[in-house]
Amino acid sequence: MLKRTDYCGELRAGHEGREVVLTGWVQRVRDIGQLVFVDVRDREGLAQVVFHADRHDLMEEAKRLRPEFVVGIGGTVRRRAAVNPDMPTGEVEVEASDLRVFAAAKVPPFVISDPPQASEELRLKYRYLDLRRPRMQRNIRLRHEAALVVRNYMSRNGFLEIETPILANPTPEGARDFLVPSRFHKGRFYALPQSPQQFKQTLMVSGFDRYFQIVRCFRDEALRADRQLEFTQIDIETSFIDRDDFFALNEGLMEALFALIGRRVERPFPRLPYSESMERFGTDKPDLRPPFEIRDLTAVAGETGSEPLRAALAAGGEIKGLLVPGAGSLSRGQLDKLGEKARELGAKGLAWIRRQGGWKSSLKMSDADLERIWGALGGAEVDLALLIADRKETALKALGEMRRTWPLEDPSRRDLLKFCWVTDFPLFEWSEEEKRFVSMHHPFTSPVEDDVPLLDTDPGKARAKAYDMVLNGVELGGGSIRIHDRTLQRRVFGALGLTEEETEGKFGYFLDALGYGAPPHGGIAFGFDRLVMFLAGEESIREVIPFPKTTGALDLMTGSPSNVGEDQLTELGLKLKK
């Protein structure tokens, strides 16, 4: 058997005259009579191999090669007569002296090349072929390198990687759990972890003051471009550290990760309280690249003679405005589409103002009133003002989404890395479905000290010591300072409407652990798949996960989920309902 000496993609001009053995897959074969050229591909790239007529038997064998045959080729590295500048190995080729076919291949259902030559469904069905594409090989390698950076960085900073259980108790609050029936204890179930939350806090109680883990987690929820049923997160927890130092630690981790792709990360990251982020950007995941923000026009609009604006204010609404630089030339058709989008986002409508060639507006207002609003927004001749008069939350949400999806015309702005921290989230949010308060993050998040009395009087106004790291409008990770006091933890469970019996049943062991002396601690969890997606420049985490599920929660390659036999169900004490 031929034993590889070099990867195909590593050959360079400096290897001229070297005897090599390459192994890999045939990318293509070109027969030009007296010569046969074969491009061979491995995980490092392509190399051109040439077969000469003076080795007739070898050349005839090369002519029988087809794409995706697995081969080993021995030969000598030579300078190419015609350099191919589009290939890293384009200065050299291998003059073949030996050829072995390790495996023939059927005609593949699509060409193995970039960009992909097939639908995503077909690529996922034949994922083992799709993974041969150079871009996918690069992405999976990048994933490995990113994990290595994380482990090295955390280790240098005194963190220990500690594994936590995969089979655990169902998670209170949050998304749906994946349940695993117990064969030994029929009628009882484990759950796959949505997060190692209680375990990592228990490790803090145990004295392991700096923990991290690159861990698999599971959530039974709807899938989309940045969400999968099973995913990987960088889980971090630490004791005896203040928030400023913790933020600096995690900013340093981002700096180390983005250095992988040669990108510089500006530190420190801006910090935005949740309330400010919502007011300025209409979201708790602000994209700081677009150079425009939402403004409150409620007071200014109240001074105008506009009947629609006054009616909205009389109904308890507010007036929010968004000045879009350089958008004053939009056509009426484009403005009408913006109005449709606003209604789809829940707003009653959208008003607009521009002043190119004189005032023009969808509102009937005097020039003085238009000037008043325009001045409050700081508009220029080429700009466009968008206004929504509605409930505060509705207006902010609609304008925030328009701002988020507005095209970034400047390519340099599109390529910026704009990190920020969003802090001081509400501790609770009201669930109409359950008719009670639920945790905005999770029930172990500490309230701000000044807001602790609100737990008994007005829980909806209590703020949390919670924080998210956001990059270009995408949440990379979220965390909080945890509750380390047993009495305060019980009060939070009470505010969530849990009875003493429910509290003991779900959290008894954890409350007991807190009673034995828990240090002040906090942590964060980053979506590792999302981070690698950013590093790779992809639009979906499916492009950086080796074997993802479809948006319909299917594994098209293996056919899972699959049916289970009656015998196995009986062994588990289960029976399917018709």
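Helices (H or I, at least four residues) and strands (E, at least two) are DSSP runs, numbered from the N terminus. Everything here comes from a predicted model, in which local features need pLDDT of at least 70 and side-chain atom pairs count only at pLDDT 80 or more, while totals for chains, interfaces and linings use all residues. Residues are numbered from 1 along each chain as its sequence is written, and side-chain values use heavy atoms, with hydrogens and water left out.

**View 1. Let us start with the protein as a whole.**
The protein has 18 helices and 22 strands. Taken along the principal axes, its C-alpha atoms fill a box of roughly 90 × 75 × 55 Å. Of its 578 residues, 47% count as buried (under 20% relative accessible area, with exposed over 50% and partly exposed in between, for a 1.4 Å probe and protein chains only). Among contacts (heavy atoms within 4.5 Å) with a separation of 6 or more, 66% join residues 24 or more positions apart.

**View 2. Helix α17 and its surroundings are shown here.**
Residues 528-536 form α17, and this helix is mostly covered, with 8 of its 9 residues buried. Those buried residues are Phe528, Asp529, Arg530, Leu531, Val532, Met533, Leu535 and Ala536. Their cover includes two helices, α4 and α6 (243-258), and the strands β10 (230-239), β21 (474-481) and β22 (521-527). Just after α17 comes glycine 537, with a positive phi near 70 degrees.

**View 3. Helix α4 packs against helix α17.**
Two packed helices are described by the angle between their axes and the distance between the axes. For α4 (residues 134-156) and α17, the angle is about 125 degrees and the axes are 10 Å apart (axes are lines fitted to C-alpha atoms, for helices over the stretch in contact, and angles run from 0 to 180 degrees between N-to-C directions). That makes α4 oblique to α17; angles under 35 degrees count as roughly parallel, over 145 as roughly antiparallel, 65 to 115 as roughly perpendicular and the rest as oblique. The crossing of this pair, α4 and α17, is right-handed (the near helix is turned clockwise from the far one by less than a right angle; anticlockwise would be left-handed). On the α4 side, look for Arg135, Arg138, Asn139, Leu142, Arg143, Ala146 and Ala147, which meet Phe528, Asp529, Val532, Leu535 and Ala536 of α17. By class, this contact of α4 with α17 has 7 nonpolar, 1 polar and 4 charged residues (Ala, Val, Leu, Ile, Met, Phe, Trp, Tyr, Cys and Pro count as nonpolar, Asp, Glu, Lys and Arg as charged, and the others, Gly among them, as polar).

**View 4. Helix α6 also packs against α17.**
Here the axes of α6 and α17 are 11 Å apart, at an angle of about 45 degrees. That makes α6 oblique to α17, and α6 passes α17 in a right-handed crossing. Met254, Leu257 and Phe258 of α6 meet Leu531, Phe534 and Leu535 of α17. The contact of α6 with α17 has 6 nonpolar residues, no polar and no charged.

**View 5. Helix α7 has its buried residues on the same side.**
Tyr274, Ser277 and Phe281 are the buried residues of α7 (residues 274-281). They cover an arc of only 65 degrees around the axis, which puts them on the same side of α7 (the arc is that of the directions from the helix axis to the C-beta atoms). These buried residues of α7 pack against β11 (271-273), β12 (294-296), α12 (392-405) and β17 (419-423). After α7 comes glycine 282, whose phi is positive, near 70 degrees.

**View 6. Helix α7 meets helix α12.**
The axes of α7 and α12 cross at roughly 65 degrees and come within 8 Å; α7 and α12 are therefore roughly perpendicular to each other. Met278, Glu279 and Phe281 of α7 meet Lys392, Leu396, Gly400 and Arg403 of α12. In the contact of α7 with α12 there are 3 nonpolar, 1 polar and 3 charged residues.

**View 7. Finally, some loop residues are worth a stop.**
Phenylalanine 240, in the loop between β10 and α6, is exposed, with a relative accessible area of 62%. Leaving aside neighbours within four places in sequence, phenylalanine 240 is in contact with Pro519 and Pro520. Asparagine 472 sits in the loop between β20 (466-471) and β21; asparagine 472 is not a glycine, although its phi is positive, about 50 degrees. At 10% relative accessibility, asparagine 472 counts as buried. In the loop between α6 and β11 lies proline 268, and the peptide bond to proline 268 from arginine 267 is cis, with omega near -5 degrees. Proline 561 lies in the loop between α17 and α18 (566-572), and the peptide bond from serine 560 to proline 561 is cis too, with omega near 0 degrees.
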